[in-house]
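Work through the exercises below with the sequence and model open. Try each task before you read its solution.

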Amino acid sequence: MKIALDAMGGDYAPEEVIKGAILALQERDLEIILLGDIGKIKLELMKYTYKKDKLSVIDCKESIEAGEFPLGAVRSKRDSSIVVGTKLIKNNQADAFISAGNSGAVMAAALLELGCVPEIRRPTIAAILPSVKGKVLVLDVGANVDCKPEHLPQFALIGSKYAKYILGIENPKIGLLNIGEEENKGNKFAQNAYKNLKNANINFVGNTEGKDIFKGKVDVVVCDGFTGNILLKSSEGLAKFLLTTINSMIISQLPQNQEMDKLKQYFMNLVKMTDYTEHGGTPLLGVNGLCFICHGRSKAKTFKNAILNTGKFVDAKLVEHFKEI
């Protein structure tokens with residue numbers, strides 16, 4: 001298994017990216033290809049001991065910055081780490097590509113170099129949220145801020161494959177994010193999306209309100225990217241606020257003893273459930289190759305987990321299952 005990693009992407013590149021790659025190699029037998037400024041990468045690699053046959057470097061002369069217009073940057077900077085990474089997948093020289101760089105550029109490069117799998121018109125970004133029953137997959141969370149009702153059944157089909165082959169849910173329940181449970185609820189977009197989902201070859205169970213997502217009533221929630229992104233960031237913000245408040249007001253004030261240590265461990269497990277660093281990257285689904293987008297503020301732990309989780313997607317042959325749609 002070969003994973004291409006954008007060594008120049010993110011606020012803490014290349015130091016934290018490379019550290020994360022080294023940590024991943026210590027936990028799993030795979031090959032990592034670092035993409036970027038070879039001088040900076042090799043200087044950073046001198047700090048570590050690692051198996052030389054498991055890590056290689058491709059020198060990329062250009063870099064796409066966070067504020068650049070994605071499509072223009074991808075077309076003009078053909079030797080950037082983002083473009084080179086997607087080309088490696090296209091040429092079967094890598095099984096997946098990970099970047100914490102310009103997310104719009106990653107999506108543009110994936111579409112230009114890899115294209116979508118057959119029957120999929122729009123790629124989508126998926127995110128995992130916790131629920132009382134386990135995990136809930138939400139898509140789209142940002143790839144398509146403007147989309148049409150007919151795109152949501154495609155998101156649902158993609159989500160069904162993800163839930164089955166990655167989360168291990170045989171017949172996942174699909175819900176449409178809406179302001180009420182009744183079929184006629186919501187705006188025209190939601191009402192038309194409901195009709196399309198109802199007629200799709202999926203286990204569609206109807207509308208899902210925001211408050212029900214964390215109850216685990218459905219396994220997959222579909223929505224447009226604008227709504228999904230607000231849901232994701234609001235959930236992350238609320239979770240951080242609540243956990244910080246609970247920690248400062250209760251957990252940090254508890255006495256030191258065996259029972260209290262158990263309670264603190266339960267709290268830390270809850271923190272992990274809401275921590276994006278545990279998941280690593282967010283997959284761009286529907287393109288003809290595995291591309292993962294990491295948070296721009298990612299550090300070594302996040303990159304390590306992104307690499308390890310990407311390996312699970314490669315093992316599951318998820319892109320091949322998308323071609324069954």
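**Exercise 1. Count the disulfides, then check two cysteines.**

Step 1. Apply the rule: a disulfide is a pair of cysteine sulfur atoms within 2.5 Å. The count comes to 0 disulfides.

Step 2. Take Cys-60. Its nearest cysteine sulfur belongs to Cys-291 and is 15 Å away, and Cys-60 is in no disulfide. Cys-60 is buried, at 6% relative accessible area. (Buried means under 20% relative accessible area, exposed over 50%, partly exposed in between, with a 1.4 Å probe and protein chains only.)

Step 3. Take Cys-116. Cys-116 is in no disulfide either; the nearest cysteine sulfur, again that of Cys-291, is 11 Å away. With 26% relative accessibility, Cys-116 is partly exposed.

A note on the source: this is a predicted model, where local features need pLDDT of at least 70, side-chain atom pairs count only at pLDDT 80 or more, and totals for chains, interfaces and linings use all residues. Residues are numbered from 1 along each chain as its sequence is written, and side-chain values use heavy atoms, without hydrogens and water.

**Exercise 2. Describe strand S7 and its partners.**

Step 1. Find S7 at residues 174-177. (Strands are DSSP E runs of at least two residues, helices H or I runs of at least four, numbered from the N terminus.)

Step 2. Sort the directions. Ile-174 and Leu-176 point one way, Gly-175 and Leu-177 the other, and all are buried. In a regular strand, side chains alternate between the two faces of the sheet.

Step 3. Find the partners. (Two strands pair if DSSP finds at least two bridges between them.) S7 pairs with S8 (residues 204-208) in the parallel sense over 3 bridges, and Ile-174 stands opposite Phe-204. S7 also pairs with S9 (residues 220-222) in the parallel sense over 3 bridges; there Gly-175 has Val-221 as its bridge partner.

**Exercise 3. Locate the largest nonpolar core.**

Step 1. Use the definition: a nonpolar core is a set of buried Ala, Val, Leu, Ile, Met, Phe, Trp, Tyr and Cys residues joined through side-chain atoms within 4.5 Å.

Step 2. Read off the result. The largest core has 55 residues, and Val-222 is among those with the most contacts inside it.

Step 3. Place the core. Domain 1 (2-120 + 286-324) and domain 2 (125-239) both give residues to this core, so it lies between them. (Domain bounds come from an automatic or database domain assignment.)

Step 4. Look around Val-222. Among the residues that Val-222 touches are Leu-139, Phe-155, Ile-174 and Gly-175. (Contact means heavy atoms within 4.5 Å.)

Note on methods:
Lists of a residue's contacts leave out its neighbours within four places in sequence.
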